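The following exercises are to be worked with the sequence and the model at hand. Each task is followed by a solution in steps.

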Amino acid sequence: MYKRLSGVLFPVMTLLLIGAMVWGYQENQEKNAILIKAENQYQRAFHDLSFHMDKLHGEIGNTLAVNSTSASMHRKGLVNVWRMTSEAQNEINQLPLTMLPFNKTEEFLSKISKLAYQTSIRDLDKEPLSDKEFKTLQVLYKDSGQIAKDLQGVQNKVIDSRLRWMDVETALASQSTGENSIIDGFRTVDKTVGEYPDMDWGPSVASMKDKRAVKKLDGVPVTKEDIHRKAIKFADLGSNPEVQLTENGKGTEWASFTAKVKKNKDSAAIAMDFTQKGGILISYTDERTIGDKKVDMELSRGKVDKFLEQKGYSNMTPVMADEYGNMGNFTYVRKQDDVLIYPEKMTIRVGLDNGEVTGFQASDFVYEHHAQRPIPKAKLSLDEARKKLNIDFKEDYSRKSLIEDELSNEVLCYEFGGKVNGANYRIYISAEDGSEKAVEEIKTPIKSK
């Protein structure tokens, strides 16, 4: 009996053992293949980063080497500088550096990118590079050369010592970054960049970086009691709801309060963020569970209009709509004197189970809002602007809009909505000189009321 049982079980167990070994081997091979693929991607991104930083240094040098009056070569050089910085930024994003301080270098590259792009798109024949801009480029040439040199030093260590990026990822994840040449090298680069003296990047870059930091909100700092009252009033959940308050960023420029209001302990909360200065509402979220879709976007739009009017946001116009499953998003901007003010925009979410508002984000509206915004007068008529459109463009509507151009300047435009090449577009024509300031494809057109 025992022999017969052994004769049956032994081959079965042997097959199971061999199967387990084969499975384990295959799993190990697949794991190693994934690790090798990830390592190769990291190595490629790093070596490309080093290459593009060296090329960036060279392109800035080329821009400085040509005649100071050669506008076409300056434009070509600056376009290449912008392209190289974009490549370098993309490669940094592919490396496992999220837990490693490298923000000074990323900010430095971002500023170079903005400076190069904004300078290259202007008419350099009419407005050539200034002496101040040449001096800035000379400093950038020196600094980018040092960064390229430091990265090449790290690259040499990686090659000579056969260092692995997977070890970097493991070290960062475990926060044991004591002995790692790659991590130390990147920290050295970022420390060096952080020690560069401040320089004049020009008004366009400075305005984009400091726009909201410079703008001061009206009103005096509010107390928790003030926010408590504001939150109860806006949530409108009855006379005695539960309220939880949290103070964020105390003592900083961006100090704020978060309020969570509940009708009772079992109900969904409504969360709101308020600025500390002035107690202005920045965001609103109804944390209720969204059910299956039962209503369309058009019905929801009517409920959003009513919600905004009831909450004190008057003269708001929807300009964009997107639908995602059982949720919908609308973008609204303020209208003043029959002109849409695009900088003063807010995004509203709705649940398509009943079309009610489930939240909004109004930081742009808060920081850009003016009770009465100065609007320049149009130099061109609507018909004159219309002549600048593509002859194949089929116009559905037109209206005046105030937008920000690529240099963050506010420009009055004629906005034309319509179709071309089988798609819906909005085209913005400057009301001052007839130039095209922006073009955007619209996935879900909003019917103009």
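A residue is called buried when its relative accessible area is under 20%, exposed when that area is over 50%, and partly exposed in between (1.4 Å probe, protein chains only). Helices (H or I, at least four residues) and strands (E, at least two) are DSSP runs, numbered from the N terminus. The model is a predicted one, in which local features need pLDDT of at least 70 and side-chain atom pairs count only at pLDDT 80 or more, whereas totals for chains, interfaces and linings use all residues. Residues are numbered from 1 along each chain as its sequence is written, and side-chain values use heavy atoms, with hydrogens and water left out.

**Exercise 1. Describe the two faces of helix H8 and what covers the buried one.**

Step 1. H8 has 12 residues and reaches 16 Å from its first C-alpha to its last. This is close to the expected 16 Å, the expected span being 1.5 Å times one less than the number of residues.

Step 2. The buried residues of H8 are Ile227, Ala231, Phe234 and Ala235. They cover an arc of only 90° around the axis, and therefore lie on the same side of H8. The arc is taken over the directions from the helix axis to the C-beta atoms.

Step 3. On the face turned away from that buried side, H8 carries the exposed residues Glu225, Arg229 and Lys233.

Step 4. The cover over the buried residues includes strands E1 (242-248), E2, E3, E4 and E8 (357-361), together with helix H9 (297-310). A contact here means heavy atoms within 4.5 Å.

Step 5. Just after H8, Asp236 takes a positive phi of about 55°.

**Exercise 2. With which residue does the side chain of Arg229 form a salt bridge?**

Step 1. A salt bridge is a side-chain nitrogen of Lys or Arg within 4 Å of a carboxyl oxygen of Asp or Glu.

Step 2. The partner of Arg229 is Asp226, with an N to O distance of 2.5 Å.

Step 3. The two residues are 3 apart in H8 (residues 224-235), so about one helical turn separates them. An α-helix has 3.6 residues a turn, so residues three or four places apart point the same way.

Step 4. Arg229 is exposed at a relative accessible area of 52%, while Asp226 is partly exposed at 22%.

**Exercise 3. Place further salt bridges of the model and state the accessibility of their residues.**

Step 1. The structure holds 19 salt bridges.

Step 2. One of them joins Arg386 and Asp383 at 2.8 Å, N to O. Both residues lie in helix H11 (residues 382-386), 3 residues apart, about one turn of the helix. Arg386 is partly exposed at 28%, and Asp383 is exposed at 51%.

Step 3. Another joins Asp338 and Lys335 at 3.9 Å, N to O. Asp338 is exposed at 57%, and Lys335 is partly exposed at 31%.

Step 4. In addition, Arg334, Glu344, Glu368, Arg373 and Glu410 are linked in a network of salt bridges.

**Exercise 4. Which strands pair with E3, and in what orientation?**

Step 1. Two strands pair if DSSP finds at least two bridges between them.

Step 2. Strand E2 (residues 256-262) runs antiparallel to E3, and 6 bridges join them. Phe257 has Phe274 in E3 as its bridge partner.

Step 3. Strand E4 (residues 281-286) also runs antiparallel to E3, through 5 bridges. Ile270 stands opposite Asp286 in E4.

Step 4. E3 and E4 form a hairpin with 5 residues between them, and Gly278 in the turn has a positive phi of about 90°.

Step 5. E3 (residues 270-275) is mostly covered, with 5 of its 6 residues buried.

**Exercise 5. Which element has the lowest mean pLDDT, and which has the highest?**

Step 1. pLDDT is the predictor's confidence in each residue, from 0 to 100. The protein averages 81, and 78% of the residues score at least 70.

Step 2. Helix H7 (residues 203-214) has the lowest mean, 48, and H11 the highest, 95.

Step 3. Over residues 208-214 pLDDT stays under 50, and the model has 16 contacts beyond four places in sequence for them. Where pLDDT is low, the predicted coordinates should not be read in detail.
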